[in-house]
Amino acid sequence: MKMAEKKDLDAAVYTWFMQLRSQGQPISGPLISEKALEMNEKIGGNPDFKASTSWLMCFKSRHGIRQLDIQCEKLSANTEAKHFKESVTLMIRPRY
């Protein structure tokens, strides 16, 4: 595994990522890249730093991040669809 060139930036971005992930918030690749650029500026990192696609792939590989999407049903559950499914199930059951 290749080590990060900017270890403090890598650690800061990973800590941020884990905080959002633990809260169940969806995190996209572009959001991680944007946050990396923001953190790089805050810590006075290299002004030429680019949070490119290859940087993102290496970041994900270093930390074992396989999927960035979190499928969450907290607020988006459609209760009408649930009732529809139950009524359809009742309708198609054979009656003996």
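In helix H2 of this predicted model, Glu38 and Lys42 sit four residues apart, so about one helical turn separates them. The two residues form a salt bridge, with 3.5 Å between the closest N and O atoms. Lys42 is exposed, its relative accessible area being 65%, whereas Glu38 is partly exposed at 32%. Glu38 also has a partner on its other side in sequence: its side chain meets that of Lys35 in a salt bridge of 3.2 Å, N to O. Lys35 and Glu38 are three residues apart, again about one turn of helix H2, which spans residues 29–42. Through shared partners, the salt bridges join Lys35, Glu38 and Lys42 into one network.

A search of the whole structure finds three salt bridges, and one of them pairs Arg62 with Asp10 at 2.8 Å, N to O. Here Arg62 belongs to helix H3 (residues 53–62) and Asp10 to helix H1 (residues 7–22), so the pair ties together parts 52 residues apart in sequence. Arg62 has a relative accessible area of 16% and is therefore buried, the cut-off being under 20%. Asp10 counts as buried too, at 9% relative accessibility.

These pairs can be placed within the chain as a whole. The chain holds four helices and zero strands, so that its elements read α-α-α-α from the N terminus on. It has 96 residues, of which 24% count as buried. Of the contacts between residues at least 6 apart in sequence, 58% join residues at least 24 apart. The accessible surface of the chain is about 7700 Å², and carbon and sulfur atoms account for 55% of that area.

Conventions: Residues are numbered from 1 along each chain as its sequence is written. This is a predicted model: local features need pLDDT of at least 70, side-chain atom pairs count only at pLDDT 80 or more; totals for chains, interfaces and linings use all residues. Side-chain values use heavy atoms; hydrogens and water are left out. Helices (H or I, at least four residues) and strands (E, at least two) are DSSP runs, numbered from the N terminus. Buried means under 20% relative accessible area, exposed over 50%, partly exposed in between (1.4 Å probe, protein chains only). Contact means heavy atoms within 4.5 Å. Accessible areas come from the Shrake-Rupley method with a 1.4 Å probe; for residues, only the protein chains shown count as cover. A salt bridge is a side-chain nitrogen of Lys or Arg within 4 Å of a carboxyl oxygen of Asp or Glu.
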